[in-house]
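Student: I'd like to go through this one with you, starting at the ligand and working outwards. Can we look at it together?

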Amino acid sequence: MAVKTNKASPKKTNTIKLKFDTSWSYAPAPESKSAATINKQYDLFINGEWVKPAGGKYFDTINPANEEQLSEVAEANVADVDKSVKAARTAYEKVWKKMPAKERAKYVFRISRMIQEKARELAIIESLDGGKPIRESRDFDVPTAANHFFYYAGWADKLEYAFPNRVAEPLGVAGQIIPWNFPLLMAAWKIAPAIATGNTVVLKPAETTPLTALKLAEIIQESDLPPGVVNIITGAGATGAAIVNHPDVNKIAFTGSTDVGKIIQRAIAGTNKKATLELGGKAANIIFEDAPLDQAVEGVINGIYFNQGHVCCAGSRLYVQESVAKQVIRKLRDRIESLIVGDPLDKNTDIGAINSKQQLETIHKYIKIGKQEGAELYESSCKLPGKGFFCRPTLFTNVAQSNRIAQDEIFGPVLAILTFRTDDEVIEKANNTPYGLSAGVWTDKGSKIFNMTKRMRAGVIWANTFNKFDPSSPFGGYKESGFGREGGLHGLSAYVNTV
Ligand code: NAP
Ligand code: MG
């Protein structure tokens, strides 16, 4: 396939637009919206019932791919939060903590199976509400969410093996607050270990993506889980803050930005509340000259562009060994040109819609900053849909370590590429960030992988792959990426006191 570059004047701009001769195009293959039922309005799911918000307020949730309203959802105020915490407390004291663990496990299994039964509907709603490609929601988000319930259901009556010679006791009421990038999956990460270990829950999804959590509430209601064990309430940041500040909450599990994580940490300082904070990231993907380059390029593409870069562990910094840098950059430029940006419901789509107008503006702001900082920008020449929030896959070369595009979390399909010569140099550079959530190493040598993983400060390091998840494997960060682990055995210990 021939690659032609536009002869854009380098004097006027440091942007080069690529033009690619694509000799084929795909016929649209849209998933049908009719397989999903979305109500016009959603109330709050408290004590096993749908209740009107005390303040009578509702807000819209839209489809970011066409800016149309999908539904309106209730805004929970302090009184609603109090009502849900009370429901969770009563369910905890009267029912859930007393129930034999093997009985609790059956409910968790049932929820998992029901997620599987409704997988198609959940995937469609996830893509409609959040903008992520249906391929991602269908093949990753929904099955992984079901797997988390399965995995933790299995542990529920085996805690004595998880914590040998100790008794694991639940903490009580858990307040759980989740972001917009993996709405159903984050809900599963939080709810499954909490209820499997005997806690009860008040969960708040993000303002822009409440719908799959509300579908999960319907599933939970249908599963006959005792009322009050899981309460799902919608609202904005103030609702989240009311959960954090409620005196009868024993544990806060938060996934979101580092800024809000810091607010939460300050708010709970001096209280008995336990916390796990899963925050931002600026993952380094490192390609050594001995790596299988095509595989590495595909891993980088998967790590930053799929899911629009809306991934806390996105490989947003790429360090390439100098000897292969030219080759890798050329391959990356060719590959981003072939990525399909567009309708999230189309099964061919690689990059869907940016989650919100605000997030798109943030991404554009960083692209501008990158250019001002003197980095060289390449972006795909693809046509963007006329409506909705979309962004071309973009990469920057000639990036300096101190540039903001190499330091700040952009949370969009924007890759900063830097080069290195030696192991020591790249470790120093990769660790030189306030974050420490994840990283990737691409090399042919096992010894190099072990050397790198030992010296890098990141909670998860993938070797010759990227963005792989499994319920049995713990996930979480260092430094400003937060503390505590979710998933695996570690994820259990975040919800119990061992005596
Ligand atoms: P965010 O703005 O921090 O919001 C996260 C959640 O907190 C939302 O439900 C939000 O409500 C709520 N919230 C806002 N202000 C609050 C406050 N003062 N007190 C309590 N809750 C409050 O983050 P986001 O923009 O939704 O998500 C993107 C961020 O999440 C990125 O930084 C990403 O790296 C991080 N993330 C981390 C992980 C991980 O495992 N480490 C996983 C996924 C995402 P509203 O939606 O109404 O604002
Ligand atoms: Mg939405």
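Tutor: Sure, let's take the ligand and then the domains, keeping in mind that this is a predicted model.

Student: Which residue offers a backbone N or O atom 2.8 Å from an oxygen atom of ligand 1?

Tutor: Start with the shell: 27 residues surround ligand 1. Ile-178, Glu-207, Ser-257, Leu-279 and Glu-409 are the closest. The backbone atom 2.8 Å from a ligand oxygen belongs to Ile-178.

Student: How much of the accessible area of ligand 1 does the protein cover?

Tutor: Let's add two other polar approaches before the area. The side chain of Trp-180 has an N or O atom 3.0 Å from an oxygen atom of ligand 1, and a polar backbone atom of Gly-237 is 3.3 Å from a ligand oxygen. On its own, ligand 1 has 900 Å² of accessible area, and the share covered by the protein is 87%.

Student: Which element gives the most residues to the shell around ligand 1?

Tutor: Two elements give two or more residues each: β12 (251-255) and α8 (237-245). The top contribution is three residues, and it comes from α8.

Student: How much area do domain 1 and domain 2 bury between them?

Tutor: The domain assignment gives domain 1 (33-279 + 481-498) and domain 2 (284-473), and the shell around ligand 1 takes at least three residues from each. Their C-alpha centres are 30 Å apart. The contact involves 35 residues from domain 1 and 33 residues from domain 2. Carbon and sulfur atoms account for 60% of the buried area, which comes to about 2,800 Å².

Methods
Residues numbered from 1 in each chain as written. Chains lettered and ligands numbered in written order. Predicted model: local features only at pLDDT ≥ 70, side-chain atom pairs only at ≥ 80, totals over all residues. Heavy atoms only, no water. Near = heavy atom within 4 Å. Polar contact = N/O pair within 3.5 Å; in protein donor to acceptor, adjacent residues only side chain to side chain. Areas by Shrake-Rupley, 256 points an atom, 1.4 Å probe, with all protein chains shown as cover. Helix = DSSP H or I, 4+ residues; strand = E, 2+ residues; numbered from the N terminus. Domains from an automatic or database assignment. Contact = heavy atoms within 4.5 Å. Buried area = accessible area lost by both parts, 1.4 Å probe.
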